[in-house]
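Hello,

I promised to pass this structure on to you, and here it is. Please have a look at it alongside the notes underneath.

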Amino acid sequence: MTQKVTKLVDDFSFEESGYERGNEYWKAETLYDYVKKNKLKPFKLPLSGLDLGKAYKPFDNYNLDSIIYQIKRVNGCNIEIPIILDNIGQIADGLHRVVKAISMDKEYIMAYRLLDMPTPDEVTDGESNE
């Protein structure tokens with residue numbers, strides 16, 4: 001008998017993406033709406049200039065299912081869509097695109113830089129994660 005492999009990513013939707021900083025959370029859609037409203041122009045961001053160290057922990061849950069899920073998201077993303085940097089220079093949307101661009105030996109990725117943040121979609125009473 002062959003074991004059925006569960007699909008971990010089926011048409012991952014934009015609506016499921018978001019950015020959490022401290023006790024604030026923004027939907028990816030909110031960030032892109034803000035970019036459009038403020039008519040921001042994308043620029044070429046050198047990938048070598050990004051600090052991808054301790055600030056980004058997409059694999060906090062080190063199990064095989066979560067790693068497969070993240071790999072499938074990286075493989076399925078479109079690096080032609082500019083990423084968004086928040087007002088302090090962190091990746092607010094687009095980490096999977098950055099990983100894919102690096103894995104493809106790209107030197108740059110297009111990016112928007114927010115000078116301030118839109119109103120968060122959610123604010124929790126919990127401790128800050130910053």
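Below is what I found, going from confidence to helices, sheet and a few single residues.

Please keep in mind that this is a predicted model. The average pLDDT of the protein is 83, and 78% of the residues reach at least 70. The stretch to treat separately is residues 1–10, where pLDDT stays under 50. For that stretch the model has seven contacts beyond four places in sequence.

Let me begin with helix H3, which covers residues 95–103. Its buried residues are His-96, Arg-97, Val-98, Lys-100 and Ala-101. What covers them includes two helices, H1 (28–37) and H2 (64–76), together with the strands E4 (83–85), E5 (91–93) and E6 (108–113).

Ala-101 of H3 deserves a closer look. Is Ala-101 buried or exposed? Its relative accessible area is 1%, and the cut-off for buried is under 20%, so Ala-101 counts as buried. Leaving aside residues up to four places away in sequence, Ala-101 touches Leu-47, Ile-79, Lys-106 and Ile-109. If you would like a distance to check, the C-alpha atoms of Ala-101 and Cys-77 are 9.9 Å apart, with these positions 24 residues apart in sequence numbering.

How do H2 and H3 meet? Their axes come within 8 Å and cross at roughly 75°. An angle of 65 to 115 degrees counts as roughly perpendicular, so H2 is roughly perpendicular to H3. On the H2 side the contact is made by Gln-70, Arg-73, Val-74 and Asn-75, and on the H3 side by His-96, Val-99 and Lys-100. Sorted by type, the residues of this contact are two nonpolar, three polar and two charged.

Helix H1 has its own set of buried residues: Ala-28, Thr-30, Leu-31, Tyr-32, Tyr-34 and Val-35. These pack against the strands E1 (18–21), E2 (24–27), E4, E5 and E6, and also against H3.

Now to the sheet. Three strands make up an open sheet, ordered E1-E2-E7, with antiparallel pairing. E1 and E7 (122–123) are the edge strands, each pairing on one side only. Between E2 and E7 the antiparallel pairing runs over two bridges, and Tyr-25 stands opposite Glu-122 in E7. H1 packs on this sheet, where it touches E1 and E2, and the direction of H1 makes about 70° with that of E2.

Finally, two loop residues caught my eye for their backbone angles. Lys-39 comes just after H1, in the loop between H1 and strand E3 (43–46). Its phi is positive, about 50°, although Lys-39 is not a glycine. What is the relative accessibility of Lys-39? The value is 67%, and because exposed means over 50%, Lys-39 counts as exposed.

Asp-105 follows H3 and sits in the loop between H3 and E6. Phi of Asp-105 is near 60°, again a positive value in a residue other than glycine. With a relative accessible area of 67%, Asp-105 is exposed.

I hope this gives you a handy way into the model.

Best wishes

Terms used
Residues numbered from 1 in each chain as written. Predicted model: local features only at pLDDT ≥ 70, side-chain atom pairs only at ≥ 80, totals over all residues. Heavy atoms only, no water. Buried < 20%, exposed > 50% of the residue type's maximum accessible area, 1.4 Å probe, protein only. Helix = DSSP H or I, 4+ residues; strand = E, 2+ residues; numbered from the N terminus. Contact = heavy atoms within 4.5 Å. Pairing = 2+ DSSP bridges. Axes fitted to C-alpha atoms, helices over the stretch in contact; angles between N-to-C directions. Parallel < 35°, antiparallel > 145°, perpendicular 65-115°, else oblique. Nonpolar A, V, L, I, M, F, W, Y, C, P; charged D, E, K, R; others polar. pLDDT = per-residue confidence, 0-100.
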